[in-house]
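Please explain how this protein chain is built, beginning with its overall fold and proceeding to its surface and its charged pairs.

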Amino acid sequence: MKTKNNKMIGFRISKGILSVFFKLFFHPKIIGRENIPETGGVILAGNHRHIFDPCMPFISSKRRVDYLAKKELFSGIFGWFFKLVGCIPVDRGHDNTLAKNEAIKVLEEGKVLGIFPEGTRNKTNDILLPFKYGAVSMSKKTNAYIVPFAITGKYKLFNNDLTIKFGKAFIASSDLDEANNLLSDRIKGLILESSKKSGK
């Protein structure tokens, strides 16, 4: 109970600080926040190009977001932050049964999990990298909703084009290939919609 309370306190403190920081310097636009269910297990799944990307769903959701994060981040300069908010460490390239089980537990407890289906930052010119199956697999196992999101624009001071847009929620079908393609198509569509509106 104490650990859960600490996580919630850490979330509220860090969310407050991040929200003020982002509003002051990046002026992010948040679109479609009403698409995030107010109760029950939810997976927020979106594109990933910048190290700050996890902060965007974090400050956009009214609910606490538990994030899957590569274990290297926990020993870096911002390691304290990832520990404070209760992120789940993932050792990429190795057996991550414990991390997966913890993520599923988050959803089974009716909480919100943040994940980047690309598995890593996209440093290419492609809109999206091929998706891993984690998001749709966990949705199928737990009956949790997936809410796709797209982050567009740049983390440039006072640039005013940074946007996160949330799409309609859905639950993954039993056909994981079909569900993964649907998730990819929806995120790609959100990216293109936001880019078109910004004139890029």
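The following paragraphs move from the chain as a whole to particular residues.

The model described here is predicted. The protein chain contains 6 helices and 7 strands. In sequence order, these elements follow the pattern α-β-β-α-β-α-β-α-β-α-β-β-α. The pattern thus begins with a helix and ends with a helix.

The overall dimensions may be considered next. Along its principal axes, the C-alpha trace of the protein chain spans about 45 × 40 × 35 Å. A compact globule with 200 residues would have a radius of gyration near 16 Å, and the value for the protein chain, 16 Å, agrees with this. Of the 200 residues of the chain, 47% count as buried. One separation within the fold concerns F158 and A69: these residues are 89 residues apart along the chain, and their C-alpha atoms are separated by 28 Å. F158 is found in the loop between β6 (145-152) and β7. With a relative accessible area of 48%, F158 is partly exposed, because the term exposed is kept for values over 50%.

Two patches can be located on the surface. The nonpolar patch is formed by I9, I13 and I17, which together have about 290 Å² of accessible area. Of these residues, I9 has its place in helix α1, which comprises residues 2-25. The relative accessible area of I9 is 46%, so this residue is partly exposed. The other patch carries positive charge and brings together K70, R92, R121 and K123. K70 lies in strand β3, made of residues 65-70. This lysine, K70, is partly exposed as well, with a relative accessible area of 33%.

Charged side chains also occur in pairs. Side chains of opposite charge can pair when their charged atoms come close. A search of the whole structure finds 4 salt bridges, and three of them are described here, starting with the one between D91 and K71. In this pair the closest N and O atoms are 3.5 Å apart. D91 lies in the loop between β4 (88-90) and α4 (97-108), while K71 lies in the loop between β3 and α3 (79-84), so the salt bridge ties together parts that are 20 residues apart in sequence. K71 is partly exposed, its relative accessible area being 41%.

A further salt bridge joins E109 and K111, with 3.0 Å between the closest N and O atoms. Both residues of this pair are partly exposed: E109 has a relative accessible area of 36%, and K111 has one of 24%.

The side chains of K165 and E193 likewise meet in a salt bridge, at 2.8 Å from N to O. This pair links distant parts of the chain, since K165 belongs to strand β7 (residues 163-166) and E193 to helix α6 (residues 176-197), 28 residues apart. Are the two partners buried or exposed to some degree? K165 is buried, with a relative accessible area of 12%, because values under 20% count as buried. E193, by contrast, counts as partly exposed at 39% relative accessibility.

Technical notes:
Residues are numbered from 1 along each chain as its sequence is written. This is a predicted model: local features need pLDDT of at least 70, side-chain atom pairs count only at pLDDT 80 or more; totals for chains, interfaces and linings use all residues. Side-chain values use heavy atoms; hydrogens and water are left out. Patches are made of residues with over 30% relative accessible area and no salt bridge: like charges are joined within 9 Å, nonpolar side chains (Val, Leu, Ile, Met, Phe, Trp, Tyr) within 5 Å. Accessible areas come from the Shrake-Rupley method with a 1.4 Å probe; for residues, only the protein chains shown count as cover. Lys and Arg count as positive and Asp and Glu as negative; His and the chain ends are not counted. The place of a charge is taken as NZ of Lys, CZ of Arg, CG of Asp or CD of Glu. Helices (H or I, at least four residues) and strands (E, at least two) are DSSP runs, numbered from the N terminus. Buried means under 20% relative accessible area, exposed over 50%, partly exposed in between (1.4 Å probe, protein chains only). The radius of gyration is taken over C-alpha atoms; the globule rule is 2.2 Å times the number of residues to the power 0.38.
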